[in-house]
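The exercises below ask for a close reading of one structural model. Please work through each task before turning to its solution.

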Amino acid sequence: MRRSIPFPLSKEKSFFESLSDWLGDIFYEVLPEKDYDIRDEQIFMSYQIVKSLKEKNTLFAEAGVGTGKTIAYLLPAIAYARYTGKPVLVACADETLINQLVKEGGDIDRIQQALNLEMDVRLAKSRNQYLCLKRLEEAEQTSPEEFVFDIKNSLPPYVNGNQVLSSTTPYGDRSSFSDIEDAQWSKVNFNAVQQCNVCDLRNRCGQTLHRNFYRESSDLIICSQDFLMEHLWTKESRKRQGQLPLLPEVSMMILDEGHLLEFAAQKALTYEVQETTILNLLERVMVDDIREKTLLLMEHLIEQHIAFFDLLKESSEGVELERKKINKNEKLLSLGKKIIRTVDDLLEEFVFEAELYAIPEYDLRMAEEYLEQYSFSLNLFIENGDAIDWLQTGDEFETLTIMPRLVTDILNEKLFSLKLPIIFSSATLSVNGDFSYLATSLGIESHQSFSVPSPFDYEEVMSIYAHHAGSEKNQTVERLLQKQEQSLLLFKSKYDMLQFKQFAETNGLQGIAFEGIRELSTLIKEFQNGEYQTLCSYHLWEGLDLPGEALTRVIIFDLPFPPNDPIFEARRKFAEDSFHDVDLPYMLLRLQQGIGRLIRTANDRGSIHLILNDFEMELQKRWEDILPVTISHEKSSVK
């Protein structure tokens with residue numbers, strides 16, 4: 001249902017003039033009466049967004065922590081959605097930031113109450129955030145662990161019953177199963193192998209119900225940047241297949257923490273070949289009455305695939321990294337070519353198998369779709385093209401990953417040519433006021449920009465300490481944690497966090513929670529409630545909002561330089577000065593984000609602790625200028 005614009009329109013004024021007048025009333029009269037601390041920087045940002053709406057351009061809106069960015073873009077966005085009759089899309093960096101945005105007592109909740117303005121806000125989470133009923137069934141049959149039965153017993157009655165589906169509500173997103181570990185969730189959630197369009201459970205699927213629900217939003221749809229990119233890349237192909245795009249048409253886009261968009265774009269265009277997936281798929285279609293020629297081809301493909309991954313492991317390097325560099329050799333490439341030929345032969349045989357109906361349609365379609373993507377991925381790997389590839393290691397299996405090096409042309413075609421107002425919102429979009437690093441990496445040729453500082457007096461509320469720890473970073477953090485204080489401990493990678501976890505367990509450190517042991521937003525709530533003294537994370541450099549006593553200390557384990565993995569190695573290869581053009585800007589942006597987790601309101605107080613080795617200390621002149629306060633040095637001691 002289309003909702004009314006929150007202010008009257010007249011023939012004497014354009015919509016944008018009336019919008020500006022309404023914003024003036026809200027910021028200068030209504031919100032101050034509701035005890036809102038309105039800031040000039042916030043008002044300026046909101047009016048710049050109105051200008052961007054009118055001109056339908058791309059805007060880099062850099063506003064420091066505490067500016068009130070969400071309210072600044074939320075008010076014009078709601079009015080514009082109702083004026084155009086199309087919802088506004090807010091794309092956050094990840095699912096955690098979505099939960100921060102819509103949480104009880106957050107900006108959206110507060111502004112609705114302050115203005116008595118009911119907003120239609122709906123979430124469109126990434127597909128892997130939803131339960132897959134097919135995979136749940138398979139998990140129940142193949143690995144009947146207790147968590148599988150817990151999930152099944154928690155589902156609404158109509159999911160497993162025969163009730164009429166006339167009155168159903170969305171269910172089955174990740175946050176509904178807060179006590180399940182990430183590794184357990186990965187066994188039952190949606191993955192790209194599933195073929196939803198031929199699934200007999202799709203009408204009862206929580207993801208389907210969620211999609212039907214958020215399509216009807218009249219004001220805001222909030223999703224992750226990953227999901228936005230997947231929507232853009234698959235939009236035309238889904239239309240050709242007679243399917244609806246993942247997202248509806250929108251009137252404008254707001255990219256919250258927009259400096260991370262390039263990584264989301266690359267991820268959406270990434271192809272993955274997992275070590276075990278093809279084995280499981282082919283076993284499903286090895287049914288009775290299958291033709292002998294087809295069976296022999298499948299057995300031959302399985303043998304080739306196993307040999308291929310054995311060679312991949314032998315040819316990869318990078319012991320400390322999840323992303324291992326692959327040294328391509330003739331033996332590996334030759335086997336890849338043979339696999340492609342075998343896949344082509346097998347797909348031809350599947351045409352005949354489909355006519356015999358021996359293989360269930362869902363299983364056959366799933367195998368066909370995956371084999372086509374498998375063959376395409378191996379072709380990309382074999383070709384000496386403009387792509388990045390690596391071997392992704394995990395707890396249970398390895399994955400061959402192929403990613404495009406550049407996404408600038410595709411982003412320009414799919415996103416920036418849409419003639420929509422696109423707002424990049426973040427506290428860190430530039431390096432010392434220069435937006436060229438971000439604009440160039442995204443292929444944006446024309447944009448408007450502004451930068452306003454944080455309104456906080458950091459000298460009064462924040463202290464920053466540099467601890468010269470050398471090779472004893474773990475021990476330095478242990479000594480810091482002896483002073484009990486609600487602390488966020490940030491790591492630049494999952495590997496580094498797990499190394500500290502091993503140290504903490506060996507040395508009996510207490511009161512520490514690590515990302516991954518439960519659903520992240522649940523873990524954050526528990527930390528906020530004081531159930532843990534320290535929260536360790538490698539993701540929460542952006543967006544975490546814990547004001548007051550919930551967070552009074554941020555410990556940065558190491559400066560967040562990008563890893564020496566294939567993605568950044570490719571960037572460095574094409575840069576004139578790899579450290580200056582790639583490593584340093586990335587680190588500075590991320591460091592500013594990490595520091596920004598501490599002071600969220602005018603009443604916050606706390607300290608930042610940088611744990612530095614010799615190399616990081618030597619580079620101090622390259623990064624100290626971006627710090628909001630003067631740094632104090634301590635030799636591995638607790639302040």
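**Exercise 1. Which residues meet in a salt bridge with lysine 328 and with arginine 122, and are the partners buried or exposed?**

Step 1. In this predicted model, the side chains of lysine 328 and aspartate 389 form a salt bridge with an N to O distance of 2.8 Å; the term denotes a side-chain nitrogen of Lys or Arg within 4 Å of a carboxyl oxygen of Asp or Glu.

Step 2. Lysine 328 belongs to the loop between β8 (323–326) and α15 (330–356), whereas aspartate 389 sits in strand β9, so the pair ties together parts that are 61 residues apart in sequence. Helices (H or I, at least four residues) and strands (E, at least two) are DSSP runs, numbered from the N terminus.

Step 3. Lysine 328 is partly exposed at 35% relative accessible area, while aspartate 389 is buried at 12%. Buried means under 20% relative accessible area, exposed over 50%, and partly exposed in between (1.4 Å probe, protein chains only).

Step 4. Arginine 122 meets aspartate 120 at 2.8 Å, N to O, and both of these residues are buried. The whole structure holds 30 salt bridges, and a network of them links Arg291, Lys293, Glu349 and Glu353.

The model is predicted: local features need pLDDT of at least 70, side-chain atom pairs count only at pLDDT 80 or more, and totals for chains, interfaces and linings use all residues. Residues are numbered from 1 along each chain as its sequence is written, and side-chain values use heavy atoms, with hydrogens and water left out.

**Exercise 2. What is the strand order of the open sheet of five strands, and which strands stand at its edges?**

Step 1. The order is β6-β10-β9-β8-β7, with antiparallel pairing; two strands pair if DSSP finds at least two bridges between them.

Step 2. The edges are β6 (271–274) and β7 (316–317); each has a single partner strand, so one side of each is left without a neighbour in the sheet.

Step 3. Strands β9 (residues 387–393) and β10 (residues 398–404) are joined in the antiparallel sense by seven bridges. Threonine 393 has glutamate 398 in β10 as its bridge partner.

**Exercise 3. Which strands pair with β4, and how many of its residues are buried?**

Step 1. Strand β2 (residues 88–92) runs parallel to β4 and is joined to it by five bridges, with valine 88 opposite leucine 220.

Step 2. Strand β3 (residues 121–124) also pairs with β4 in the parallel sense, over four bridges; leucine 123 has isoleucine 222 as its bridge partner.

Step 3. Five of the five residues of β4 (residues 220–224) are buried. Leu220, Ile222 and Ser224 lie on one side and Ile221 and Cys223 on the other, so that both faces are covered.

In a regular strand the side chains alternate between the two faces of the sheet.

**Exercise 4. How many disulfides does the structure hold, and how far is the sulfur of cysteine 92 from the closest cysteine sulfur?**

Step 1. The count is zero disulfides, a disulfide being a pair of cysteine sulfur atoms within 2.5 Å.

Step 2. The closest cysteine sulfur to that of cysteine 92 belongs to cysteine 223, at 7.7 Å, which is too far for a bond.

Step 3. Cysteine 92 is buried, with a relative accessible area of 1%. Cysteine 536 is buried as well, at 0%.
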